[in-house]
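Trainee: Can we go through this model together? I want to know what stands behind each label.

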Amino acid sequence: MKFNGTDNYVATEDLTVAVNAAVTLERPLLVKGEPGTGKTELAKQVAQGLGLKMVEWNIKSTTKAHQGLYEYDAVSRLRDSQLGEERVHDVRNYIKKGKLWQAFDSDEKLVLLIDEIDKADIEFPNDLLQELDKMEFHVYETGETIRAKQRPIIIITSNNEKELPDAFLRRCFFHYIKFPDAETMKQIVDVHFPGLKPQLLTTALTQFYEIRETPGLKKKPSTSEVLDWLKLLLAEDLDPKDLVRNGADALPKLHGALLKNEQDVHLFEQLAFMARRQR
């Protein structure tokens, strides 16, 4: 079972090595990188590339580890007991399976995505250590132990908003997705916009990387944002000369796709103003 990328996802050699190493070691693959570099999409493409189903667990700031196992609805059971409902006698009627339980319960191997684990509190990763290690957990209300029928391929993403515990990191295979260089970016663009005029692509990407390297930028535009920008350029039927800016530091065309806060917009406006004064 080897992952080599897909027609819709450009996977670099080091990324495919990391995925296959995690599969071989049967350890979770922890993927970090800038937002918008394709971490979540990686899990979807691994599932597609290997012909597997995927279970996706999106983590929020309020998510607790036990929700991935199961949730017991004691309130509904109490209400049903007051109403004399027959179903109240079987506690299983009030247990909702979490994403880990769903993955463990599958008869077929699948991909389990735990997306943006760093959004949860610091104890969240540690609370999952045993379950991810042993591939089993105990349901206290029923007294049963749930064991994985097939060990899932686990991909965990993080935007580096919080440091993850050392004990958790030791159990993972780690990979950092570097921001694509210009050549790799051209391959990514070609997947999404095949046949894009080379001169327009070269001009747009040159301008894109210049923007990313601007000193003082609060949020650098990502891969997903340059794809949105190129989509707009094509929709407006712009050509390379339309991308020429008034001064080296003027705002780019349709800059709302690339610059996502007022501080960065103001920075480019200031740079443009300074460039005009020096003429």
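Mentor: Start with Gly 256, in the loop between helix 11 and helix 12 (262-277). The model is a predicted one, so treat each value as computed from that prediction.

Trainee: Why is Gly 256 called partly exposed?

Mentor: Its relative accessible area is 47%. Buried means under 20% and exposed means over 50%. The value for Gly 256 falls in between, so the label is partly exposed.

Trainee: How far is Gly 256 from Leu 271?

Mentor: Their C-alpha atoms are separated by 17 Å, with the two positions 15 residues apart along the chain.

Trainee: What makes Lys 218 exposed?

Mentor: Its relative accessible area is 58%. The cut-off for exposed is over 50%, so Lys 218 passes. Lys 218 sits in the loop between helix 10 (198-212) and helix 11 (223-235).

Trainee: Which residues does Lys 218 touch, leaving out those up to four places away in sequence?

Mentor: Asn 261, Gln 263 and Asp 264. A touch here needs heavy atoms within 4.5 Å. Asn 159 is another residue to set against Lys 218: the two are 59 residues apart along the chain, and their C-alpha atoms are separated by 16 Å.

Trainee: Is Ser 224, in helix 11, buried or partly exposed?

Mentor: Partly exposed, at 34% relative accessibility. That value is not under 20% and not over 50%, so the middle label applies. The C-alpha atoms of Ser 224 and Thr 63 are separated by 26 Å, and the two residues are 161 apart along the chain.

Trainee: How do you know that Phe 193 counts as buried?

Mentor: Its relative accessibility is 17%. Buried means under 20%, so Phe 193 qualifies. Phe 193 lies in the loop between helix 9 (182-192) and helix 10.

Trainee: Which residues does Phe 193 touch, beyond those up to four places away in sequence?

Mentor: Leu 227, Leu 230, Lys 231 and Leu 234. Take Leu 230: it is 37 residues from Phe 193 in sequence, yet their C-alpha atoms are 8.6 Å apart.

Trainee: What is special about phi of Met 135?

Mentor: Phi is near 60 degrees, a positive value in a residue other than glycine. Met 135 is placed in the loop between helix 7 and strand 6. Its relative accessibility is 6%, under the 20% cut-off, so Met 135 counts as buried.

Trainee: And what is phi of Glu 26?

Mentor: Near 55 degrees, again positive in a residue other than glycine. Glu 26 is in the loop between helix 1 (13-25) and strand 1 (29-33). Its relative accessible area is 47%, between 20% and 50%, so Glu 26 is partly exposed.

Trainee: Now the interior. What makes a set of residues a nonpolar core?

Mentor: The members must be buried, come from a set list of residue types, and be joined through side-chain atoms within 4.5 Å. The largest such core has 30 residues. Those with the most contacts inside it are Leu 100, Phe 124, Phe 137, Ile 156 and Phe 168.

Trainee: Which element gives the largest share of this core?

Mentor: Helix 5, with four residues. Other elements giving two or more include strand 2 (53-58), helix 3 (65-69) and strand 8 (153-158).

Trainee: Which residues does Phe 168 touch, again skipping those up to four places away?

Mentor: Ile 117, Pro 125, Asn 126, Leu 129, Leu 132 and Ile 156. Apart from this core lies another, of 27 residues. Among them are Ile 188, Tyr 209, Leu 230 and Ala 257.

Trainee: Let's zoom out. How many helices and strands does the chain have?

Mentor: There are 12 helices and nine strands.

Trainee: Why is the chain called more spread out than a compact globule?

Mentor: Its radius of gyration is 24 Å. The globule rule gives 19 Å for 279 residues. The chain is well over that value, so it is more spread out than a compact globule. Along its principal axes, the C-alpha trace spans about 80 × 45 × 35 Å.

Trainee: How much of the chain is buried?

Mentor: Buried residues make up 44% of the 279. The chain exposes about 15400 Å², and carbon and sulfur atoms supply 48% of that area.

Trainee: What about charged side chains?

Mentor: The chain has 39 positive and 45 negative ones. The centres of the two sets lie 1 Å apart.

Conventions. Residues numbered from 1 in each chain as written. Predicted model: local features only at pLDDT ≥ 70, side-chain atom pairs only at ≥ 80, totals over all residues. Heavy atoms only, no water. Rg over C-alpha atoms; globule rule 2.2 N^0.38 Å. Buried < 20%, exposed > 50% of the residue type's maximum accessible area, 1.4 Å probe, protein only. Areas by Shrake-Rupley, 256 points an atom, 1.4 Å probe, with all protein chains shown as cover. Lys, Arg positive; Asp, Glu negative; His and termini not counted. Charge placed at Lys NZ, Arg CZ, Asp CG, Glu CD.
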